[in-house]
Amino acid sequence: GATVKIAMACIPEGTKIDTPDGKVPIENIKSGTKVKGYYKVETEVLQVHQYKEDRAPHRFYHITFDNGMAVDCCDMHKIYNKRAKDYKMGDKVQNTKVTSISRYNGVERSYDLLTADGGYLIGGIPVNSMIPEMAETIVELNNKLAA
């Protein structure tokens, strides 16, 4: 499990998640909280995962869009079904276009949310929950170790 977590960081502490009542820092969201889901309708948070990060690597991305919104996440996190590290300037996410991409480090804690519809919105941008993918990878690794 730790190996999988090293490969997949998540959403940095302080990132604001869209909810029906406005934007809420991800660290303040609990299981049962209502958020704006991947498909832009209200959905329930089923699980919240919190991780301690290695502050040294420049694994986190700040991706800005032409609507003035931005998403902060690790390189392996998916924004609209595509890993952050695979985005380029000019790429589109629905009706928005990527206008800048920068990498940074120094993140102490990150989070991810498992929602009833598989994702959530950050500034109106659909972000995938990576929890199911991490769970599948852990099962695959455990099966290989057991073989």
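Me: Why is Tyr38 called buried?
Reply: Tyr38 has a relative accessibility of 7%, and buried means under 20% relative accessible area, exposed over 50% and partly exposed in between (1.4 Å probe, protein chains only), so Tyr38 counts as buried. This is a predicted model, in which local features need pLDDT of at least 70 and side-chain atom pairs count only at pLDDT 80 or more, while totals for chains, interfaces and linings use all residues. Residues are numbered from 1 along each chain as its sequence is written, and side-chain values use heavy atoms, with hydrogens and water left out.

Me: What makes Tyr39 exposed?
Reply: The relative accessible area of Tyr39 is 59%, so Tyr39 falls in the exposed class.

Me: How many aromatic pairs are there, and what makes Tyr38 and Tyr39 an edge-to-face pair?
Reply: The count comes to 3 aromatic pairs, where rings of Phe, Tyr and Trp (its six-membered ring) pair if their centres lie within 6.5 Å, and planes under 30 degrees apart count as stacked, over 60 as edge-to-face and the rest as tilted. Tyr38 and Tyr39 are 5.1 Å apart, centre to centre, with 75° between the planes, and are therefore an edge-to-face pair.

Me: Why is the pair of Phe60 and Tyr104 called tilted?
Reply: The centres of Phe60 and Tyr104 are 6.1 Å apart and the planes stand at 35°, which is neither under 30 degrees nor over 60, so the pair is tilted. Phe60 lies in strand β6 and Tyr104 in strand β11, so the pair ties together parts that are 44 residues apart in sequence. Phe60, at 3% relative accessibility, is buried, whereas Tyr104, at 23%, is partly exposed.

Me: How do you know that β6 and β11 pair?
Reply: Strands are DSSP runs (E, at least two residues; helices are H or I, at least four), numbered from the N terminus, and two strands pair if DSSP finds at least two bridges between them. Between β6 (residues 60–65) and β11 (residues 96–104) there are 6 bridges in the antiparallel sense, so the condition is met. Tyr104 in β11 is the bridge partner of Phe60.

Me: What makes β7 and β10 edge strands?
Reply: The open sheet has 4 strands in the order β7-β6-β11-β10, with antiparallel pairing. β7 (70–74) and β10 (92–93) each have a single partner strand, so one side of each is left without a neighbour in the sheet.

Me: Why is Lys82 said to lie over the face of Tyr87?
Reply: A charge sits over a ring if NZ of Lys or CZ of Arg is within 6 Å of the ring centre and within 35 degrees of the ring normal. Lys82 lies over the face of Tyr87 at 4.7 Å from the ring centre, so the distance is inside the limit.

Me: How do you know that Cys73 and Cys74 are not joined by a disulfide?
Reply: A disulfide is a pair of cysteine sulfur atoms within 2.5 Å. The sulfur of Cys73 is 6.0 Å from the closest cysteine sulfur, in Cys74, which is too far for a bond. For Cys74 the closest cysteine sulfur is in Cys10, at 5.8 Å, again too far for a bond. A search of the whole structure finds 0 disulfides. Cys73 counts as buried, at 0% relative accessibility, and Cys74 is buried with a relative accessible area of 0%.
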